[in-house]
Amino acid sequence: MGKSATETLTEGYTFKIATEPWEFEQILSLNYETFVEEIPQHPANPHRILRDAFHEENTYIICTKDQQVLGMLAVRGKRPFSLDKKLENLDAYLPEGLTPCEVRLLAVRKDARRSRIVRGLLAKTTAYCLEQGYDTALISGYLNQVPLYRHLGFVPFGPIVGSGQARFQPMYLTVEHHTAAKTSFVPQNVVPVNLLPGPVELSRTVRDALAAPPISHRSREYMQLHHRTQEQLTKLVGAKFVQILTGSGTLANEAIAAQLTLLAGKGLILSNGEFGERLIHQAGRFALDFETLRLPWGNALEEPILHQTIERIPSLRWIWAVCCETSTGMLNDLTLLKGLARRYGLHLCLDCISAVGNVPLDLSDVYLASACSSKGLRSAAGLALVFYNHTLTPPSRPLPAYLDLYTYEQADGVPFTIASNWVKALSAALNECDYSYRYSQIASLDRWLRKKLAALGLSTLVPEEKSCPGILTLPLQKPHDSRTIGDSLKKAGFWVSYESGYLLERNWIQICLMSPVSQSRLRPLLDTLKQVL
């Protein structure tokens, strides 16, 4: 049998992520031999095994030969890190905007200490970290090995931690530092930097879920997964209910339009960008009775104009708007829209396709809201999500079954075939993301990037105070051409958004921070922009 895609075979040694019970058993033994008997960090025990405090969350990169674990490393991206417990305010020592992981527990059996094992472990770990979107590795470097770590590009920071023979120097290694080091394990032409609003870069966990054997959508196992995913989604945005449909975010908006056909009275659709225009187009296809308020693209919704518009429309029942207008980067004022809906007794419907997962949202008093499995939720595109907070009733007129939320609710969420892998991937993406951290990281990186772009003479269409963090739309001035600039950036390994018709028509490019990126991955982008502008 051939080696799996996650294994590397070198000179009889296999470098892989630990998955088998016997591998984990030997990891505990090697951990004990190294960090109890050799470096006395932990007390001895008669079982001669040591289970790390983060064992369940660690990903172990191991070297095996003849069913023996010869070496290992542990990688973990979840905070708090071990170093968080050793250093107060760890982030104060680190450059801003990083996506770090902590690498610990480097250990090689005494009778197998050969440089190619350590090199193989480091190379495998580097590849794994890049796949996961980590751009910085933090370590507690054993004092005797600090020169070796420096040689690899590690930068020491903060005071020495530990005591006795177990004293360590905190160090970090960015992709930039490691690439510059002569000993770099970073492959040439690594994965391009994904700065698109979608598709987004998928983590290894999500890709594994997509590649897992599918299960029946009628099985108990699947229904548990489906309901668990629904709970994760509603908890994230504060809504009571969500239905998961097979399709894109556009389908989610079609389902909303179908629900709006059941309401008597008129509607009002607000547009200040491409996706507001799409709502108007979709409403027209459903023959909804509505009026529009169209603003120039990139202009914010103004409260007085909204009041005037609402008050002049008789029998108004609903408002439909885009929360985050992806085309311009405008974050429409959700507080304002909610306040208007309450004051005038209107049902508020929102396109939240680019907002969910990228900015904090409270949809608890929103009538209907759309989202998708990609973009801010960082799974594969292919699932449409519709959130709501009211009790559904049988439709008063026939609706297409695929768009009828009541049909979904009556079937416990699964009226039709749905691909289990897509739902499993979405659940995995939800599980692995710390959204509070993600929101703050995107906002911080957005502020930093705006300043750097301004220094290059590039201003965003929407000012920072009105924008959705992580979506930067850049109008280019002639003679610069968005297709030429976009093509040049793509060739240099930076995928920005510029190929949509509405962007080309306006000579705009977009930089989006929905995939895991950091300052260290964006600095070369700025250098490239400086060259091509």
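A nonpolar core, as I use the term here, is a set of buried Ala, Val, Leu, Ile, Met, Phe, Trp, Tyr and Cys residues joined through side-chain atoms within 4.5 Å.

**Entry 1: the cores.** I am working with a predicted model, and I began with its nonpolar cores. The largest of them holds 62 residues, and Leu350, Leu363 and Phe387 touch the most other members. I then looked up a second, separate core, which has 33 residues, among them Leu260, Phe275, Tyr367 and Tyr388.

**Entry 2: Phe387.** I wanted to know which residues Phe387 touches, leaving out those up to four places away in sequence. My list starts with Leu233, Thr234, Val237, Ala239, Phe241 and Val242. It goes on with Leu363, Tyr367, Leu368, Ala369 and Ala371. Two names on it were already in my notes: Leu363 appears with Phe387 in the largest core, while Tyr367 is listed in the second one.

**Entry 3: confidence.** Next I checked how far to trust what I see. The chain averages a pLDDT of 91, and 95% of the residues score at least 70. Residues 1–5 have a pLDDT below 50, and this stretch has 2 contacts in the model beyond near neighbours in sequence.

**Entry 4: H15 and H17.** I turned to a helix pair, H15 (residues 482–491) and H17 (residues 519–532). Their axes come within 10 Å and cross at roughly 135 degrees. Angles over 145 degrees would count as roughly antiparallel and 65 to 115 as roughly perpendicular, so this angle falls in the oblique class. I therefore noted H15 as oblique to H17. The crossing is right-handed. On the H15 side, the contact is made by Ile485, Ser488 and Leu489; H17 brings Leu525, Thr528, Leu529 and Val532.

**Entry 5: Leu503.** Is Leu503 buried or exposed? I found Leu503 buried, because its relative accessible area is 0% and buried means under 20%. Leu503 sits in helix H16 (residues 501–506). Setting aside neighbours within four places in sequence, I noted contacts from Leu503 to Ser327, Ser482, Ser497, Tyr498, Trp508 and Gln510. I also took the C-alpha to C-alpha distance from Leu503 to Pro43: 62 Å in space, with their positions 460 residues apart in sequence.

**Entry 6: Pro80.** Last, I looked for Pro80 and found it in the loop between strand E4 (68–76) and helix H2 (82–86). Pro80 has a relative accessible area of 45%, so I put it down as partly exposed, the class between buried at under 20% and exposed at over 50%. Pro80 and Leu90 are 10 residues apart in sequence, and their C-alpha atoms are 9.9 Å apart in space.

Notes:
Residues are numbered from 1 along each chain as its sequence is written. This is a predicted model: local features need pLDDT of at least 70, side-chain atom pairs count only at pLDDT 80 or more; totals for chains, interfaces and linings use all residues. Side-chain values use heavy atoms; hydrogens and water are left out. pLDDT is the predictor's confidence in each residue, from 0 to 100. Contact means heavy atoms within 4.5 Å. Buried means under 20% relative accessible area, exposed over 50%, partly exposed in between (1.4 Å probe, protein chains only). Axes are lines fitted to C-alpha atoms, for helices over the stretch in contact, and angles run from 0 to 180 degrees between N-to-C directions. Helices (H or I, at least four residues) and strands (E, at least two) are DSSP runs, numbered from the N terminus. Angles under 35 degrees count as roughly parallel, over 145 as roughly antiparallel, 65 to 115 as roughly perpendicular and the rest as oblique. A crossing is left-handed if the near helix is turned anticlockwise from the far one by less than a right angle, and right-handed if clockwise.
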